[in-house]
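Biologist: Please show me the protein. I would like to ask about its inside and its surface.

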Amino acid sequence: MQMKTSTQKITFCALFAALTAILSQIAIPIGPVPINLATLAVFIAGGLMGPVWGAVSMIVYVALGAVGVPVFSMFTGGISIIVGPTGGYIIGYIAAAWLIGLIVSKWGRKAWQLVIAMVAGLAVCYALGTAWYMYSTAAGLGVSLMSCVIPFLPGDAAKIALAVITVSALRKRLAW
């Protein structure tokens, strides 16, 4: 996405940080990691804004949560969430938005390219989150995958489908 002014860049970063905070609250607590819609915002931010500004929007989201603003799932916030078992997934949002934006900026924004980019971004988020979960809880890989990845795959596939449709529609409407 080629944004023309700094004001546009800042506005869209704030918008996607806010969208991530809102979608984080739509959550189902199923265990140590709740199912929520935050990754939908991550996919759209990376797919629409590119690597730098997509990642910056997630940095803003994480920074707000780190200082205690209740933007994380179930209206939580604070550094204790980031260093807690789910913190790796939250940090993973930054890497995911960056990677999605990078792939899309290099390969293009056709539906199949968006899907590949979003799957790659999700894989990075899962890798960072699961590694941190294992470290912080001393859980093994199998237990961690069964608790923190496998239950999320169907919903994440649906979020990717919705994000691809949304990014495609917004790019056409906003002439990006």
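What follows is a short exchange about this predicted model.

Biologist: Which helix supplies the largest share of the largest nonpolar core?

Modeller: That core has 47 residues. Helices H1, H2, H4, H5 and H7 each supply at least two of them. The largest share is 13 residues, and these come from H2.

Biologist: Which residues does Met-58 touch, leaving out those up to four places away in sequence?

Modeller: Met-58 is among the residues with the most contacts inside the largest core. Phe-16, Tyr-93 and others share that listing. Beyond four places in sequence, Met-58 touches Phe-16, Thr-20, Ala-41, Val-42, Ala-45, Tyr-93, Ile-94 and Ala-97.

Biologist: Is Ile-44 buried or exposed?

Modeller: Ile-44 is found in helix H2. Its relative accessible area is 6%. Buried means under 20%, so the cut-off settles the matter. Ile-44 is buried.

Biologist: How many Å apart in space are Ile-44 and Ile-165?

Modeller: In sequence, 121 residues separate the two. Ile-44 is in contact with Ala-163, Thr-166 and Val-167, among others. From C-alpha to C-alpha, Ile-44 and Ile-165 are apart by 9.6 Å.

Biologist: Is Asn-36 buried or exposed?

Modeller: Asn-36 sits in strand S2, residues 35–36. Its relative accessible area is 10%. Under 20% means buried. The label for Asn-36 is therefore buried.

Biologist: Which residue has its backbone nitrogen 2.8 Å from a polar atom of the Asn-36 side chain?

Modeller: Asn-36 has contacts with residues over four places away, including Leu-23, Ser-73, Tyr-93 and Lys-159. The 2.8 Å pair involves another residue, through its backbone nitrogen. That residue is Ala-38.

Biologist: Now the surface. Which helix gives the largest share of the nonpolar patch?

Modeller: The patch is made of Leu-141, Leu-145, Met-146, Ile-150 and Leu-153. Together they have about 440 Å² of accessible area. The largest share is 3 residues. They come from helix H6, residues 141–148.

Biologist: Which label fits Leu-141: buried, partly exposed or exposed?

Modeller: Leu-141 lies in helix H6. Its relative accessibility is 48%. Buried means under 20% and exposed means over 50%, so a value in between has its own label. Leu-141 counts as partly exposed.

Notes. Residues numbered from 1 in each chain as written. Predicted model: local features only at pLDDT ≥ 70, side-chain atom pairs only at ≥ 80, totals over all residues. Heavy atoms only, no water. Patch = residues over 30% accessible without salt bridge, like charges linked within 9 Å, V, L, I, M, F, W, Y side chains within 5 Å. Areas by Shrake-Rupley, 256 points an atom, 1.4 Å probe, with all protein chains shown as cover. Salt bridge = Lys/Arg side-chain N within 4 Å of Asp/Glu carboxyl O. Helix = DSSP H or I, 4+ residues; strand = E, 2+ residues; numbered from the N terminus. Buried < 20%, exposed > 50% of the residue type's maximum accessible area, 1.4 Å probe, protein only. Core = buried A, V, L, I, M, F, W, Y, C linked by side-chain atoms within 4.5 Å. Contact = heavy atoms within 4.5 Å. Polar contact = N/O pair within 3.5 Å; in protein donor to acceptor, adjacent residues only side chain to side chain.
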